[in-house]
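This report walks through selected features of the model displayed below, beginning with strands and then moving on to helices and a whole-chain view.

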Amino acid sequence: MSASVANGSHVNVAAGGTLLEVRSVAKKFGAATVLKNISLDIAAGEFLTLLGESGSGKTTLLRLIAGFEAPTSGEIWMSGQRLDTLPPYRRPVNTVFQHYALFPHMSVQENVAYGLHVKGTAAGEATSRAEEALRMVKMHEFAGARPAKLSGGQQQRVALARALVNRPQLLLLDEPLSALDANLRKQMQSELKSLQRELGITFLFVTHDQEEAMALSDRIALLRGGALEQIASPREIYGHPATAYAAQFIGQTNLLHADVRGGWAVCGALRWPTGEADGPAIFSLRPEVIACARGDEASAGAVAFRGVVRQQLFGGANETLEIACGPEQILRVRIPAAEPLSGEHTFTFFPADAIRVRA
Amino acid sequence: MYSRAYKSLVSLPPLLWVGIFLLLPYALMFVHSFWMVRDGFIVHHWNLDNYAALFTKPVYLQVLLRTMRIAASVTLCSLLLGYPLAYYLSFHAGTRKELLYQLVIVPLWVSYLVRGYAWKTILGSTGVLNGFLQYAHITHAPVGFLLYSPFAVVLMLTHIYTPFVFLPIYAALETIPRPLLEASQDLGATPGKTFRRIILPLSMPGLLAGATFAFVLSLGDFLAPLLVGGASGTMIANVVQSLFGAAYDWPLGAAVSVCILMLTLALLFFTETFEKRWSFK
């Protein structure tokens, strides 16, 4: 069974049918298999993120769609047209490159108009469209500057304008924000998102940053070792990770290697009712679903256990605790900001929040 | 920070070198060009007759023009050979890159003189090429223009200076970030347009440097015309050599040299400004 159907939930993406179909695509470089039999659809108007560690194959998949690499097997289709047999300059997609790849010998304006010029757009129209695109990314004041004179963030905007000016059906973004510092990154994230909404262009975004993926995407395709681990909306993939890897990669979690017997799961000091069949099972318990019960109040249906606070990390709005609830059992707990805690406390969680995941 | 004394100490040897072996000879040459020869002796009598002779006696201008024509031909030929070679090596040679690079460099280790004599053997009337042409019944008698002609000079100098043209072009092509080429294609440019609009402009500094090498080195060459040029292939450096040698007219020889020097400096200045216009870092 393919991992792409790991979760049966349906994700509502922006209106429109399937724009891009990746059909059983594999890619080998010599003896190394970089992508193993990937199939996924991208809906028109969707913001899909390819998320994964370095070496997961996410950039290779993007390059296959852009046309810089040819798949070893499989096909890529776009709006009823086969894409993978076309050279990159005939594909109705544009790319924002990781290090922007602006042409150093051209001005900002010339960079943006380049795609129009090489396709024979009339000079007047090319100029006005380039101007409009630069205005859109708030770079029109720098039209005459050379890229070398611009900061990283400014180059990023120009690269975006240069791709968007061609009105591609699909925009490919290869870790476009990875070279920016944290503040600029946050700002660009929100601008990217609103730009995508305004223009209605389908975005295929590559990143290794799970927070970025969650903030921006309609759906996340999580890649691992060249295979699809899970594809779902950020909320779905966070709330119901299909695998232990997905649970750990996206957000933080506690993985409980439990033993299920007679409707009860047991993992060290923790014991909770479950509908799973008997046998070993892995559960994901997010740090924030565990509450610290001060006093003796325990909500109805919650499971309680005792734990000793080992460490407390203050995070502004919340605190992350590391608690020991058995000789070899450490759990991570996230609670609203509190005064310093120490010693033994009672912690609770609802059994429904312990999500069964595959290994 | 280094002390002033240290700085002047380390800069002394190169300054002395340039002063004694470059500036002083040039100054001597410059001064000589305003003197004259009388009764077989160089007389320190200041005059402009040497320069006047340069522009009134047609032989000097003729040879100078021929020299520039030959230098321009050599430049063009070595660019036509060197650029595609550098392009192929940089973009398409793959794993054979290192080997091919060495193969381009190796001829530079062979003495200039040896290569000159090799061309003599190939091009002469009883040479390898004529022998083959007659053997293959393409010609019935030895072809004369192959040796002792401007053609032979251009051929030999092209052979010698192509690596000098290749090297800076190859270096320029190697520094072009490959994502730029992908970006160009991504934006809809065919490989041909990508070459014209991205690769060629970005390799222009290397191309200009290579062209300058070929032109300037050919302009001052006197061995190739001596070995394979014959009377019709005489170049300006041969004139200078004979003026300083057999003719013993150092002042006139110095005046010719000053002219070549000015020409070369003007050319270097021109390409320098041009190269600056084409660099963007």
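A residue counts as buried when its relative accessible area is under 20% and as exposed when that area is over 50%, with partly exposed residues in between. The model discussed here is a predicted one.

With these terms in mind, strand β13 of chain A, which covers residues 270–273, can be described by its two faces: A:Leu270 and A:Trp272 make up the covered face, while A:Arg271 and A:Pro273 lie on the uncovered one. This strand runs antiparallel to strand β12 (residues 264–267) of chain A, and 4 bridges join the two. Within that pairing, A:Trp272 of the covered face has A:Ala265 standing opposite. The two strands form a hairpin in which 2 residues lie between them, and A:Gly268 in the turn has a positive phi of about 55 degrees.

Chain A also holds an open sheet of 5 strands, ordered β15-β19-β16-β17-β18, with antiparallel pairing. Its edges are β15 (291–293) and β18 (329–336), each of which pairs on one side only. On average, and with direction ignored, neighbouring strands of this sheet are turned by 50 degrees against each other. Inside the sheet, strand β16 (residues 303–314) is joined by 6 bridges to the antiparallel strand β17 (residues 318–326), and A:Phe314 stands opposite A:Glu319 of β17 in chain A.

The two strand pairs of chain A described so far are set out together here.

| Strand pair (chain A) | Bridges | Direction |
|---|---|---|
| β12 (residues 264–267) and β13 | 4 bridges | antiparallel |
| β16 (residues 303–314) and β17 (residues 318–326) | 6 bridges | antiparallel |

Is A:Gln189 buried or exposed? This residue, placed in helix α5 (residues 182–199) of chain A, counts as buried because its relative accessibility is 9%, and the cut-off for that class is under 20%. The side chain of A:Gln189 makes a polar contact of 3.0 Å with the side chain of A:Glu212. When residues up to four places away in sequence are not counted, A:Gln189 touches A:Leu177, A:Glu212, A:Ala215 and A:Leu216.

Turning to chain B, the count is 12 helices and 2 strands, and the pattern read along the sequence is α-β-β-α-α-α-α-α-α-α-α-α-α-α. The C-alpha atoms of chain B fill a box of roughly 75 × 75 × 35 Å along the principal axes. Of its 281 residues, 41% count as buried. Among contacts in chain B between residues at least 6 apart in sequence, 68% join residues at least 24 apart.

Helix α7 of chain B (residues 150–174) has 25 residues, so at 1.5 Å a residue its span should be 36 Å, which agrees with the 35 Å between its end C-alpha atoms. The same helix α7 of chain B bends by about 40 degrees at B:Tyr161, and a proline, B:Pro163, follows within four residues.

A further residue of chain B, B:Leu223, is found in helix α10 (residues 223–229). With a relative accessible area of 25%, B:Leu223 is partly exposed, since this value lies between the limits of 20% and 50%. Leaving aside neighbours within four places in sequence, B:Leu223 is in contact with B:Tyr112 and B:Leu113. The C-alpha atoms of B:Leu223 and B:Gly253, residues that are 30 apart along the chain, are separated by 17 Å.

Note on methods
Residues numbered from 1 in each chain as written. Chains lettered and ligands numbered in written order. Predicted model: local features only at pLDDT ≥ 70, side-chain atom pairs only at ≥ 80, totals over all residues. Heavy atoms only, no water. Pairing = 2+ DSSP bridges. Axes fitted to C-alpha atoms, helices over the stretch in contact; angles between N-to-C directions. Buried < 20%, exposed > 50% of the residue type's maximum accessible area, 1.4 Å probe, protein only. Polar contact = N/O pair within 3.5 Å; in protein donor to acceptor, adjacent residues only side chain to side chain. Contact = heavy atoms within 4.5 Å. Expected span 1.5 Å × (residues − 1). Bend = angle between axes of the 7 residues up to and from the residue.
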